[in-house]
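This report concerns the contact between two chains and a metal site. The structure is shown first, and the description follows.

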Amino acid sequence: MQVLLQCVVSGILLGGLYAIIGIGLSIVFGIMKLTNIAHGTLMILSSFFIMVIVNNFIPNVFLAILVAIVLMVIVAFLFQKFLVNAVIDKGDEPALLVTFGVSICVQNILEIFFASNPQSLSATNKFAGGNIIETKLFSVPGSYFIDFVVAVIVIVALSIIMKRTDIGRAIRATSDNKRAAELMGVNTKVMFVVTMGIAMATATIAGYLVGSTFVFYSYSGSGYLIIAFGVVVIGGMGSLFGTLIGGILLGLVQLLGANFFGTGWQALTGYVFMLIILAVLPNGILGSGKRS
Amino acid sequence: MSEKDIILKVEDIEVKYGDFLAISDLSMEVERGKITTIIGANGAGKSTLLDTIMGLNKPTKGKIYMEGKDITKMKTNAIVRTGIGMAPEGSLVFEGMSVKENLLMGSYVPESRKKRAELFERVYSLFPVLKEKEKQAATFLSGGQRQMLAIARALMADPKIVICDEISLGLAPVIINDIFDKVKDINKEFGTTFIIVDQEVQRSVDNSDYSFVMVKGNIVMEGEPSKLDIDEVKDAFFGMNKYA
Ligand SMILES: Nc1ncnc2c1ncn2[C@@H]1O[C@H](COP(=O)(O)OP(=O)(O)OP(=O)(O)O)[C@@H](O)[C@H]1O
Ligand SMILES: [Mg+2]
């Protein structure tokens, strides 16, 4: 009973981390129908950015994250404006290939600089390592707790931006009907760049949380890409709160799977669950129906 | 009569879809503050012409000027900022957004953002049903309500020119008359120029200050309602006699 309760608590909290890993993939798909294969690797790139900045330039981790966000937004701008936007009108495959190519390039660059050594940001997170709450029944690991809280804050903030601001509405309008959005005076290509910028800003936050919760390597991105896929498949592409639900469910299922079948089964139960959802609810739990 | 004040000028344009010549050597001048209608049978090229003005199609030849400024090569979103708004064929409302959000998108352009409160009042008094349905997703609107939303959304930009393609599509006759009355009100009160496409020949002529008649990608006739021979217009519309 105790173990089970612990699994549920940790699963939900881990789900928060999964959600924030998935958000960027979800909004990029939701807005521009682009499956960004580079999402995981770019997230890990931001973990490395933060690591280098903290270790060499700015010891204050909050400032370091802010600088990394700025750097990642610049990466997003270059990536979207010069690579993706150049091919996005030519069908799905070229854009998909571009993101795949970027993923491989970034991973190789990381390997040149950092080889395949394990890295960690946990020293910068004073909540990491200990428990923030301890009861007889369960405990709450500090890093998981922070992951969850930050994920919820980011999701709420994003949904406010999307619903209440002109730029947020313009982004949604672009995804709803690109032609009509242009007729409202929206520069839809700029909106794509802004969307990628937002996605990479959230990926940077995710990159920090991942890096301070787990060890990471230059090749870790692809594993997190699969988690991000899981989250959006379960929660529904393009739905912000769906992403949170998707993350929580994936976290829960993985930890329960590990509990019942052994740790080796953690990832596999997650994938099986994802396939079941895909078969039963092709648009995910909160996903909008098919779009034109 | 004094010199005409031309707000929009289309000069010798040619538009192709692949090899298909949809518009050839077409020129027209739209007078400021007037209601102009474009009449033509299905496939005459009316939507092609309007979409080309909006930059949604690019002409292979010719030029388009808005208030003397060459907008031929500009992108749609930039053309909108020169003061042309469009309620496109098939309304193209933002399905997943509420009626109010659709209207907010209508005034996305910074200059109109400042006047939002006033513009909301204006369109809500023109189309009270939109106020009623303010919070509903546009996807649940009826065909006629969508059309009203598309027109209202275009008006939310407070444009100098409003282009309505297939203004009466899916609307009941009483509502169409009502909408034309509203168009005239707006035109009188704010001096807004309208370019309207309506399938009904007589109605198009009656409700306009000036009409263009299109046949197969060309303008074959134009004039004020009093100077247009309605039978001649109908011949052109139905492709009869010399217009066959
Ligand atoms: N995207 C396109 N690709 C190829 N041909 C097109 C395209 N759009 C329109 N056409 C052709 O161009 C011609 C003019 O079409 P357009 O839609 O401009 O006519 P219209 O006058 O608006 O007709 P309607 O009254 O039916 O709306 C038609 O012959 C049409 O088949
Ligand atoms: Mg048409």
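Between chain A and chain B, the count is 4 salt bridges in this predicted model. In one salt bridge, the side chain of B:Arg116 meets that of A:Asp166 at 2.5 Å, N to O. Polar contact joins 7 residue pairs between chain A and chain B, both residues being at pLDDT 80 or more.

On the side of chain A that touches chain B, α6 (166-176) and α7 (178-183) of chain A each supply at least two residues. The largest share comes from α6(A), with 6 residues. By class, this side of chain A has 8 nonpolar, 3 polar and 7 charged residues.

The contact as a whole takes 18 residues from chain A and 24 residues from chain B. The area buried between chain A and chain B is about 2000 Å², and carbon and sulfur atoms give 59% of that area.

The second topic is the metal site. Which residues coordinate the magnesium ion (ligand 2)? B:Ser47, through OG, and B:Glu89, through OE, do so at 1.9 to 2.6 Å. This pair links distant parts of the chain, 42 residues apart: B:Ser47 lies in helix α1 (residues 46-53) of chain B, and B:Glu89 lies in the loop between β6 (84-87) and α3 (99-106) of chain B. The accessibility of each residue is given below.

| Residue | Relative accessibility | Class |
|---|---|---|
| B:Ser47 | 17% | buried |
| B:Glu89 | 39% | partly exposed |

B:Ser47 counts as buried because its relative accessibility is 17%, under the 20% limit.

Methods: Residues numbered from 1 in each chain as written. Chains lettered and ligands numbered in written order. Predicted model: local features only at pLDDT ≥ 70, side-chain atom pairs only at ≥ 80, totals over all residues. Heavy atoms only, no water. Donors = N, O, S within 2.8 Å, 3.2 Å for Na, K, Ca; no water. Helix = DSSP H or I, 4+ residues; strand = E, 2+ residues; numbered from the N terminus. Buried < 20%, exposed > 50% of the residue type's maximum accessible area, 1.4 Å probe, protein only. Contact = heavy atoms within 4.5 Å. Buried area = accessible area lost by both parts, 1.4 Å probe. Polar contact = N/O pair within 3.5 Å; in protein donor to acceptor, adjacent residues only side chain to side chain. Nonpolar A, V, L, I, M, F, W, Y, C, P; charged D, E, K, R; others polar.
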